[in-house]
Every structure is written in structure tokens, then in C-alpha cells.
Amino acid sequence: MAANVARRCPWGPARRLGLVAYRSYSSSGNSYPSIPLTTPLPGVPKPLFATVDTQQGFETKVTTLENGLQVASQNKFGQFCTVGILINSGSRYEAKYIGGISHFLEKLAFSSTAQFGSKDEILLTLEKHGGICDCQASRDTTMYAVSADVKGLDTVVGLLADVVLQPRLSDEEIEMTRMAVHFELEDLNMRPDPEPLLTEMIHAAAYRENTVGLNRFCLPEDIKKIGREVLHSYLQNYYTPDRMVLAAVGVEHDRLVDCARRYLLGTEPVWGSAAVKKVDKSVAQYTGGILKLEKDMSNVSLGPTPIPELTHIMIGLETCSFLEEDFIPFAVLNMLMGGGGSFSAGGPGKGLFTRLYLNVLNRHHWMYNATSYHHSYEDTGLLCIHASADPRQVREMVEIITREFILMAGAVGEVELERAKTQLQSMLMMNLESRPVIFEDVGRQVLATGTRKLPHELCVLIGQVGTEDIKRVVTKMLHNKPAVAALGDLTELPSYEHIQAALSSKDGRLPRVYRLFR
């Protein structure tokens, strides 16, 4: 029997003696019958391997063209790159226009242009380079981005230039955009998660009718008012080269500058090159205040296990801009507060040792959510806590949140501070492993400051934050009037004056209310 096996497999004895150095496997027969695995195959391109760069390899290169356009790049090993144009444009600049223009432009992005007859043509062009595209409009920045094979850089930059400067804005596309905006507004009011709507409300309450307090979404009554003439009027003032950054990750800087000169220098936009009339340079004015929306939340989630009816409250206070030194302590404070939903499938890495988990969700089982958010802009900032609970317990929930704000100014333990700093540093570094995130970080920093702080610099600044820094920024923050957004059944909601009094007190408690009848 053993002899038969040996005859069937002539390598058997040699394998036992360790004499076989290779095996012949090939989908097309014995193409390379005598080449061991340790030897490169003939005719195959020489492979490129990632190397450990010096600190200089992480630096972001910035070049300013003759027309004021900034070109920024960050080299990164890989076959693909992310390229995009970031524009200093958004809803905060729409005070003199019909609100919602940026929302419209976001939906119209990557539609037909001077060179491409339809969105399908653009997508087919990108598919040849394995590319995808996206546009996002925020309160202060509009971003057009493409991820594709680095070999198609020339095509991608030319396409981006055409999309930004030469959109057709046909009647059919504008009508389709009106329908898309209308659908998104309906979805915003129907979705179980109220966080996007509450974020809009808290900004409107904190910066009433100015800059970042203006509506990011188009109002239903304004949808029909926005047409090609309105869009061209806005684009003429805000889509100018001096307000743009061409940013890229994973490309050589000189090659990117050459593409920028070819496609973005001296290009005539479709709306003409008339002189800019007037750009809104208003500075954000924090007003504080309350914005309430009575709404039936009992049927937002139907099905076998519906979400119970909840009332949502968000309380915020002004902080600082991302250009100020106190931005880092506020970022650490936000991580220190943390929070989340009442259910979490994670461990310590999910923030279960943050204050809003330990002091709020762990002690008050009837609260469904307690989460801290920090919104920061070039001239202001807003630290908020979002909480939700049964409508009958709204007053108690508000008092718990106001007490947490007051406790921020109290003693800060060394252990919880170090944990918050370490978590912030790890989140920063993990997020910046993603190429699209690096792209957005490069673009936003260069657009705001003309340069970029590297991750290791930010980690050093985070590590230097001490307990006295947290107390200092919190004390300054608590001197401001609060901004309050409330959504749902607001029967038990305390008055704005009572919330303000609680945040001005020593213990954060609401003034007592005595009733004759309950």
C-alpha cells in the first residue's frame, strides 16, 4: 500500500527529506515551472513597498497660485488618492439671500457641466479610475471631493474644476433638486433620531438670525424661490479662487500644482467674472435664548418594538473658536463629559467611564440619552448636552443636566482627566488613519489658517491640558446665557428664566415651584 502511494506521488520521499523548494501551480499550465517562490517572476513590475517616513514626510505642502487659490497636499502611500475643492461658503453667508442656497448647491453637485452632459457621464468617467464622488455643505464650508486611482489625477482635477466652475444648472436639474430638498425636509421631521433637527434648533437659539444661526436646510416656503439667477448671484460672490483650496492626499505636490494651473488658473466661470459685489464678513453674535417645538413624538417609530415617546432637550453655552488656545481644553472637556445612549454594546473604549455615563445614565435609569457635543467655528463655538426622557420627567431631567454643567467647574480627578486626554488623542490618531479624513483635515485647516497643525503637535497640546485649564474655561463658559432647544411634549419644561437661574447657582438646581393643585 505504501509503495502504491509513493508511486502516485513521486515527491513523497523528497518532501519527507525537506528537498522540495517549490511547487508548480499555475492557472494556465506550467508557465513558470522552475522558479522558486523566493525569486521574482520575470516580466512582473517591480513592487513598491511602504517605508517609515521621517517627520518631514508628514508635512503638508501649501502653494498659493496667482489668482489666490491655495493648493495643499499630504503624501500618503497607496494606489488611491482623495482630491477635492473646499470653498469658504455655507449657510452662514446667506443673510442677504434666500435661505437654503448651500443646501441646493449640495444636491446639484456633480450634475451636468460644460464638458459632461449628465451626472451619468461624470460617474462613468470616474468609474474608469475606480472613483467615487461626494459633496457636503456645512455652515461655513462647501466641499467637493473625489476618491480615485492616483493615475487619474489629471482627469479628476479637470472634472472637479468643471463641476465647481461650469455647472449647467438646467431647469430639469433644478426641479429635481427641489423635489430632493422637499423629500429631505420631510424625512428630517419623520426620522426617529432627532439629533439633526435639535442641532439646527440649538444653533438658531444660540445665534438668533445671524451667521451660524441661519438655517442650514432650505425652508419649505423658499424651495420654489431658488432658481438659476439666485444661484448665479451667490456663486459669483462666494465661489472665487481666493476662497478656495484644492486639497489632495496621496499625490505628489508638484503634480497637483501643475493640474491646478492647467484647470483652475484663468478659467472663466459660467456666471462670468464680474467684480464681487459684497462678501458677508459678519462675526458670529452669540445671543442665547430658547427655541421650542411642540411635537407629537408618540408615533415616530412604529413596529413590534416601537421607541417610547420621548421629550428631547439640548442645553448649550458659548465656548471659543478653533483658532483660540482654549479650543484644546474645550475638546478635552467634551471628551470628559462624553455620554451616549442608555444602551451600549461596548466597554471602556465606548466612553462608559465618562461623566454623563457615570453620573447620569448609571444613576437615572429612566433617562434614554445624555450626550455632549462641541461645535466649533472660526469665530465662535458651542458646547451642548442633549438629553431625552419621558415627557413626565422633563423637569427632573433638565435639573440633572444643569447640575452637570455646574459640576464641570468643580474638582476634576487626575484619573478621569488623563483618561479623557488619552481617549481624545487615540480618537484623533485613529481617525487620521483614513485618507478621506486626512483630506478634510488638510483642506479645512488650510482654508481657515493657510497652514496645518500636524497630529503630533495636537497630541502634545492635548497632553499639556491640566485641571486648572478645565476650571478656567468652564468658569468663563458659565458666565454666558444658555441656549436651549426643546422638542416633543413640553408640558413639564421649566421656563427659560429658571434654567438660566439654575446655571447661575452654586448647585445647579432649578428654583422651586409650588402648585396648589397637581
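**Exercise 1. Work out the strand order of the six-stranded open sheet in this predicted model, and find its edges.**

Solution. Start by walking across the sheet: the order is β7-β12-β8-β11-β10-β9, and the pairing is mixed. Next, look at the ends. β7 (289-294) and β9 (339-341) each have a single partner strand, so one side of each has no neighbour in the sheet. Finally, check the twist, which averages 20° from one strand to the next.

**Exercise 2. Zoom in on β10 and β11: how do they run, and what packs across them?**

Solution. Strands β10 (residues 367-376) and β11 (residues 381-389) run antiparallel, joined by nine bridges. To pick out one pair, take S372: its bridge partner in β11 is I385. Now add the helix: α10 (residues 327-337) lies across β9, β10 and β11, at about 170° to β10.

**Exercise 3. List the buried residues of helix α16 (residues 467-477) and see how they are arranged.**

Solution. With buried meaning under 20% relative accessible area, you get T467, D469, I470, V473, V474 and M477. Then look down the axis of α16: these residues fall within an arc of 160°, so they line one face of the helix. As for what covers them, the list includes β8 (311-318), α10, β11, α12 (394-407) and α13 (414-431).

**Exercise 4. Find the largest nonpolar core and its best-connected residues.**

Solution. This core has 75 residues, and V83, F110, Y144, Y239, L246 and L256 have the most contacts inside it. Helix α5 (residues 153-165) gives the largest share, nine residues. Take Y239 as a test case: beyond its neighbours within four places in sequence, its contacts include Y144, V164 and W271. There's also a second, separate core of 67 residues, with L317, L336, L432 and L490 among them.

Technical notes
Residues numbered from 1 in each chain as written. Predicted model: local features only at pLDDT ≥ 70, side-chain atom pairs only at ≥ 80, totals over all residues. Heavy atoms only, no water. Pairing = 2+ DSSP bridges. Helix = DSSP H or I, 4+ residues; strand = E, 2+ residues; numbered from the N terminus. Axes fitted to C-alpha atoms, helices over the stretch in contact; angles between N-to-C directions. Contact = heavy atoms within 4.5 Å. Buried < 20%, exposed > 50% of the residue type's maximum accessible area, 1.4 Å probe, protein only. Arc of directions from axis to C-beta. Core = buried A, V, L, I, M, F, W, Y, C linked by side-chain atoms within 4.5 Å.
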